[in-house]
Amino acid sequence: MRLLLVEDDDHVAAALSAVLSRHGFQVVHARSGEDALRALLPTEKPGGKEPFGVVLLDLGLPDQDGYEVCGKIRKRSAIPVIMVTARSDVRSRIHGLNLGADDYVVKPYDTGELLARIHAVARRGTAGEDTGPTPLAALSIGPVRIELPTRKVSVDGQEVQLTRKEFDLLALLAQRPGVVFRREQIISEVWRTSWEGTGRTLEVHVASLRSKLRLPALIETVRGVGYRLVPPPA
Ligand code: CA
């Protein structure tokens, strides 16, 4: 998969490119917002390069703010964008997600986690095509284990019976722990509708999940925005 790495620090970029290449990515490095936007312009040539599968976007760039770059990318393309930044506050994350970023990773990050997130957003980007990478079989969040093919959920080894939508909601949030999912995003993915008439359906499902899993703090309400999954402390 082709990956656009937007990073002005050559040392960081070189180290990251090496890791990503080892994991099968063809990395193209852009040092500024301008370079990044140029690299994303569609190629006119027939038989041109395959399009990028994901953008890793550093927010601290020399020429323009990374948020601004994200907004510009989003205006012209649905390519998955992961913001990478040292700013860890919730407000920055929400701002990034509202601008259309698909995920938000805070420096210093664990490379394994970054790879998992890249695969997760790339998979969403190719949803509906059967050429995507093999989906993960199971997700583990603290004591919670979510088996995707069999749709079984257990907490500390005890199976928990969930309804279809409860499972879909949990599996969605669990794909990106710590990341805030907007209400409308959850409703469109889990209920496949943008109909506002779903009313308090989402709240009801969240409350039910909290109580069935007996982990009330697992799903955090981000007021005015949506929800995120907070892995319990080990
Ligand atoms: Ca930077």
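## The calcium site

Along the chain of this predicted model, the donors of the calcium ion follow the spacing D-x49-D-x1-G. Two of these donors link distant parts of the chain: Asp8 and Gly60 are 52 residues apart. Asp8 sits in the loop between strand S1 (2-6) and helix H1 (10-22), while Gly60 belongs to the loop between strand S3 (54-58) and helix H3 (66-76).

Which atoms coordinate the calcium ion? Asp8 and Asp58 each do so through OD, and Gly60 through O. The distances run from 2.2 to 2.4 Å.

Are Asp8 and Gly60 buried, exposed or partly exposed? The label "partly exposed" covers relative accessible areas between the 20% limit for buried and the 50% limit for exposed. Asp8 has a value of 33%, so Asp8 is partly exposed. Gly60 comes to 39%, so Gly60 is partly exposed too.

## A cavity inside the model

Now let us look at empty space. How many cavities of 30 Å³ or more are there? The count comes to one, and the largest cavity has a volume of about 40 Å³. Three elements, S1, H1 and S3, each give two or more residues to the lining of this largest cavity.

You can find the lining residues in the structure: Leu5, Val6, Glu7, Val12, Leu16, Leu56, Asp58, Val84, Lys107 and Tyr109. They divide into seven nonpolar, no polar and three charged residues. Asp58 deserves a second look, as Asp58 lines the largest cavity and also coordinates the calcium ion.

## Strand S12 and its partners

Further along the chain, strand S12 covers residues 226-229. Which way do its residues point? Gly226 and Arg228 point one way, and Tyr227 and Leu229 the other way. Whichever way they point, all of them are buried.

Strand S12 pairs with strand S10 (residues 181-182) in the antiparallel sense, over two bridges. S12 also pairs in the antiparallel sense with strand S11 (residues 219-222), here over four bridges. Tyr227 is a good residue to follow: Tyr227 is the bridge partner of Phe181, and Thr221 stands opposite Tyr227 as well.

## The turn between S11 and S12

S11 and S12 form a hairpin with three residues between the strands. Where in this hairpin is there a positive phi? Gly224 takes one, near 80°.

Notes:
Residues numbered from 1 in each chain as written. Predicted model: local features only at pLDDT ≥ 70, side-chain atom pairs only at ≥ 80, totals over all residues. Heavy atoms only, no water. Buried < 20%, exposed > 50% of the residue type's maximum accessible area, 1.4 Å probe, protein only. Pairing = 2+ DSSP bridges. Donors = N, O, S within 2.8 Å, 3.2 Å for Na, K, Ca; no water. 1 Å grid on protein atoms, 1.4 Å probe; cavity = no way out; pocket = protein on both sides within 12 Å on 5 of 7 lines; lining within 4 Å. Points joined across faces, edges and corners; volume = space filled by probe spheres on them. Nonpolar A, V, L, I, M, F, W, Y, C, P; charged D, E, K, R; others polar.
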